[in-house]
Structure formats: C-alpha cells, structure tokens
Amino acid sequence: MAEIVKETVVTRSDTDKPTVVKQTKVAATGSQTAQYTVYFLFGVLEILLGFRLVLKLLGASQASMFVRIIYSLTSLFVAPFEGIFHKAVTQGIETVAVLEPSTIVAMLVYAVLAWIILMLVGILSGEKQPEE
C-alpha cells in the first residue's frame, strides 16, 4: 500500500534554518489507489493515441517496427470512432500525411470517460471530498 508523508515545516527568523515541526505518515486509501490506477491506464492510452495522431500526420513509414506497434495497439481504441468524419489525406513526394479525426475524437471521449470514472470512484468510496 502506498504511504503518503505529510510534513509541516516552519522557518524561524532567528535561524533561517527550516525546522520540521510535525511529520505524519498516512496510508493511501483504496479509492486513492483506484484513482491512481485510472490515471495511469488512461494516461498511457492518451499518450499512445497522441503518438498515433502525430505519426499519421507526419506520414510515418509502416516499415518501422515502432510505427506498426503503435498502430496495432491503438487500432482497437480508435475503431469505434472510425467513419464519424472523413480522413484528410495529403500526398507528398515521399510520404502520405493523414489527419485522422477519429483519433482526436477517441482522445476526447477517453479523457471524458476517465473523468467520469474518477468521479464515480470518489462518490462510491464514501470519503469526504475536499472542498475547493
């Protein structure tokens, strides 16, 4: 289980040296662990989709193993949004640049989905939420 350390540090004017007044260790709750997991998983997905968007825009060659891996990992997540908008294709001398609106829509939808899941975890945990 994760451990969070909270410190209260006070600087006194006569010494200019910070003094630790209070130090407490608090274990992360189950809901915090679930929230961190959601942040991590959706963060990785958003990064992969961002790579896909940039590689398509720059006309990356599918001869590269890295490009093939990114496309194969993200194709499942982009598939539900295919066909909403037409792809914009620009033929260059050596490459073909493709603007895939389905990738942009997927990034937006998964970001909203992550936010909804995080709110549900907070609500269902029953913990008092900090007021802003």
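**Group meeting: a walk through the predicted chain**

Hi everyone, thanks for coming. The chain we have up today contains 3 helices and 4 strands. Please keep in mind as we go that this is a predicted model. Starting at the N terminus, the elements come in the order β-β-α-α-β-β-α.

A few overall values to begin with. Of the 132 residues in the chain, 23% are buried. The exposed area of the chain is about 9700 Å², and 66% of that is supplied by carbon and sulfur atoms. As for contacts between residues at least 6 apart in sequence, 51% of them join residues at least 24 apart.

Let's go inside. Which residues make up the largest nonpolar core? There are 11 of them: Val38, Phe42, Leu45, Leu49, Val78, Phe81, Val105, Ala106, Tyr110, Ala114 and Leu118. Helix α1, residues 30-57, and helix α3 each contribute at least two residues to this core. The largest share comes from α3, with 5 residues.

One core residue I'd like to stay with is Tyr110. Setting aside neighbours within four places in sequence, Tyr110 is in contact with Phe42, Leu45, Glu46, Leu49, Phe77, Pro80 and Phe81. Two of those names bring us to the aromatic rings.

The structure has 3 aromatic pairs. In one of them, Phe77 and Tyr110 meet edge-to-face, 6.0 Å from centre to centre and with 85° between the planes. Phe77 belongs to helix α2 and Tyr110 to helix α3, so this pair ties together parts that lie 33 residues apart in sequence. Are these two rings buried or exposed? Phe77 counts as partly exposed, because its relative accessibility is 30%. Tyr110 has 12% relative accessibility and therefore counts as buried.

Tyr110 has another partner. Phe81 and Tyr110 also form an edge-to-face pair, with 5.8 Å centre to centre and 85° between the planes. Here Phe81 sits in the loop between α2 and β3 (88-91) while Tyr110 is in helix α3, so the pair ties together parts 29 residues apart in sequence. Phe81 and Tyr110 are both buried. Put together, Phe77, Phe81 and Tyr110 make one aromatic cluster.

From Phe81 we can step across to Pro101. The C-alpha atoms of Pro101 and Phe81 are 8.6 Å apart in space, and the two residues are 20 apart in sequence. Pro101 is placed in helix α3. Pro101 counts as buried because its relative accessible area is 15%, under the 20% cut-off. Not counting residues up to four places away in sequence, Pro101 touches Phe85, His86 and Lys87.

Hold on to Lys87, as we now turn to the charged residues. How many salt bridges are there? The count comes to 3.

Let's begin with Arg52 and Glu100, whose side chains meet in a salt bridge at 3.0 Å, N to O. This pair links distant parts of the chain, with Arg52 in helix α1 and Glu100 in the loop between β4 (96-99) and α3, 48 residues apart. Arg52 and Glu100 are both buried.

Glu100 also forms a salt bridge with Lys56, where the closest N and O atoms are 3.8 Å apart. Lys56 is in helix α1 and Glu100 in the loop between β4 and α3, so this pair ties together parts 44 residues apart in sequence. Both Lys56 and Glu100 are buried.

Then there is Lys87, which bridges to Glu100 with the closest N and O atoms 3.6 Å apart. That joins the loop between α2 and β3, home of Lys87, to the loop between β4 and α3, home of Glu100, across 13 residues. Lys87 has 44% relative accessibility, so Lys87 counts as partly exposed. Glu100, at 1%, counts as buried. Arg52, Lys56, Lys87 and Glu100 are thus linked in a network of salt bridges.

Arg52 gives us a way on to Thr74. Thr74 is part of helix α2, residues 65-78. Thr74 is buried, with 0% relative accessible area. Leaving out neighbours within four places in sequence, the contacts of Thr74 are Leu48, Leu49 and Arg52.

Finally, let's look at the outside. Val112, Trp115, Ile116, Met119, Leu120, Ile123 and Leu124 make a nonpolar surface patch of about 750 Å². Ile116, one of these residues, is in helix α3, residues 101-125. Ile116 is partly exposed, at 38% relative accessible area.

That's my tour. Thanks for listening, and I'm happy to take questions!

Technical notes. Residues numbered from 1 in each chain as written. Predicted model: local features only at pLDDT ≥ 70, side-chain atom pairs only at ≥ 80, totals over all residues. Heavy atoms only, no water. Buried < 20%, exposed > 50% of the residue type's maximum accessible area, 1.4 Å probe, protein only. Contact = heavy atoms within 4.5 Å. Patch = residues over 30% accessible without salt bridge, like charges linked within 9 Å, V, L, I, M, F, W, Y side chains within 5 Å. Areas by Shrake-Rupley, 256 points an atom, 1.4 Å probe, with all protein chains shown as cover. Salt bridge = Lys/Arg side-chain N within 4 Å of Asp/Glu carboxyl O. Core = buried A, V, L, I, M, F, W, Y, C linked by side-chain atoms within 4.5 Å. Phe/Tyr/Trp six-rings, centres within 6.5 Å; stacked < 30°, edge-to-face > 60°.
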